[in-house]
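Work through the exercises below with the sequence and the model at hand. Each task is followed by a solution in steps.

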Amino acid sequence: MTVIPTTHGISSLLEELLARIADDVPGALGAALSVHHRGGPLLVAAAHGLSAALVPAQLDRFGGPVPTAGRTGEPVVTADVYADDRWPHLTLSGLLEHHPAHAAYWPRVRGIAALPSTWDTEGTLVLSVALDRPATEETLDVLRRHERLAAMALVVAEATRPDRTDQMLELLQSRAALEEAKGIVIALRRCNPEEAWHTLRRASQERNVKVRELAVALVELLAGAPAPQPDGERTIHPAPEARRAARQLLRALERRR
């Protein structure tokens, strides 16, 4: 299993966050935060409880709610993961055979909820929790309450890597632009944050522009003024194509109101 390297302090912060999520979900057996960046594979950033073994098992061998959420960008909920036809290889017998060290715990697993989100313009995170009972939409609601803190913790974790120490402001600014643009989409579409992100990502793909440039252009278009940004090299300058895409997206959103 490949794990994203983090400093001790950031690792402790992520683990504390996951422990808090597990405490907030009745019947939780564990929680995990997985990440992929720039088209790379989904990796475990931090894990708590039984999820420290269950999520890697999904990513490395069996498939399951976590890799599905990471691949599709859609929230995933299952009431009984071993009986779910979507993941025929994720079975109790398979886990017992390949991960016997946790044999006493695998029979307790029932539900899993996995919530994908963004943590920068080119990265996706998946918050997940495993339960001894069916996972529900209410389980996803708990994950949504913690999603923003998890994303910001990942920004800090990425910035503390030796090869990324000079990029923290850029990551923070990208995240801020995305949040503002998502807020605009949520207000106009009356949708949830996941749907808002899908709307932005789909518009960027269809018009072949960067998401962060589209986000800044959308904010500036609606505000009628430049978006607040740091000066210098890290300022996001939307290309003309991104500004056209923002105008098209805004018209489409206004027509749907």
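**Exercise 1. A histidine in a helix**

Task: Find which side chain makes a polar contact with the side chain of H146, and decide whether H146 is buried or exposed.

Solution. The model is a predicted one.
Step 1. The side chains of H146 and D24 make a polar contact at 3.0 Å.
Step 2. H146 belongs to helix α5, which covers residues 137-159.
Step 3. The relative accessibility of H146 is 9%. Buried means under 20%, so H146 counts as buried.
Step 4. Beyond residues up to four places away in sequence, H146 touches L17, R20, I21, D24 and L127. The partner from step 1, D24, is in this set.

**Exercise 2. A threonine in a strand**

Task: Place T78 in its element, then list the polar contact of its side chain with another side chain and the residues in contact with T78.

Solution.
Step 1. T78 sits in strand β3, residues 76-78.
Step 2. With a relative accessible area of 2%, T78 falls under the 20% limit and is therefore buried.
Step 3. The side chain of T78 makes a polar contact with the side chain of D84, at 2.8 Å. A polar atom of the T78 side chain also lies 3.5 Å from the backbone nitrogen of D80.
Step 4. Setting aside neighbours within four places in sequence, the residues in contact with T78 are P65, D84, R86, W87, G111, I112, P134 and A135.

**Exercise 3. Two helices that cross**

Task: Describe how the axes of α2 and α3 cross and which residues meet there.

Solution.
Step 1. Helix α2 spans residues 51-62 and helix α3 spans residues 65-72; their axes come within 8 Å and cross at roughly 60°.
Step 2. This angle makes α2 oblique to α3.
Step 3. On the α2 side V55, Q58 and L59 take part, and they meet P65, V66 and P67 of α3.
Step 4. Sorted by class, the contact of α2 with α3 has 5 nonpolar residues, 1 polar residue and no charged residues.

**Exercise 4. The largest nonpolar core**

Task: State how many residues the largest nonpolar core has, which helix gives the largest share, and what V185 touches.

Solution.
Step 1. The largest nonpolar core has 26 residues, and those with the most contacts inside it are A181, V185, L200, L214, L218 and L249.
Step 2. At least two residues of this core come from each of α6 (168-189), α7 (193-207), α8 (211-223) and α9 (240-255).
Step 3. Helix α8 gives the largest share, 7 residues.
Step 4. Not counting residues up to four places away in sequence, V185 touches R190, C191, A196, T199, L200, L218 and L253. Of these, L200 and L218 are also among the residues with the most contacts inside the core.
Step 5. V216 is another residue of helix α8. Its relative accessibility is 2%, so V216 counts as buried. V216 and E180 are 36 residues apart in sequence, yet 8.4 Å apart in space from C-alpha to C-alpha.

**Exercise 5. The whole chain**

Task: Count the helices and strands, give their order along the sequence, and state what percentage of residues count as buried.

Solution.
Step 1. The chain has 9 helices and 5 strands.
Step 2. Their order along the sequence is α-β-β-α-α-β-α-β-β-α-α-α-α-α.
Step 3. The chain has 257 residues, of which 51% count as buried.
Step 4. Among contacts with a separation of 6 or more, 63% are between residues 24 or more positions apart.

Notes. Residues numbered from 1 in each chain as written. Predicted model: local features only at pLDDT ≥ 70, side-chain atom pairs only at ≥ 80, totals over all residues. Heavy atoms only, no water. Helix = DSSP H or I, 4+ residues; strand = E, 2+ residues; numbered from the N terminus. Buried < 20%, exposed > 50% of the residue type's maximum accessible area, 1.4 Å probe, protein only. Polar contact = N/O pair within 3.5 Å; in protein donor to acceptor, adjacent residues only side chain to side chain. Contact = heavy atoms within 4.5 Å. Core = buried A, V, L, I, M, F, W, Y, C linked by side-chain atoms within 4.5 Å. Axes fitted to C-alpha atoms, helices over the stretch in contact; angles between N-to-C directions. Parallel < 35°, antiparallel > 145°, perpendicular 65-115°, else oblique. Nonpolar A, V, L, I, M, F, W, Y, C, P; charged D, E, K, R; others polar.
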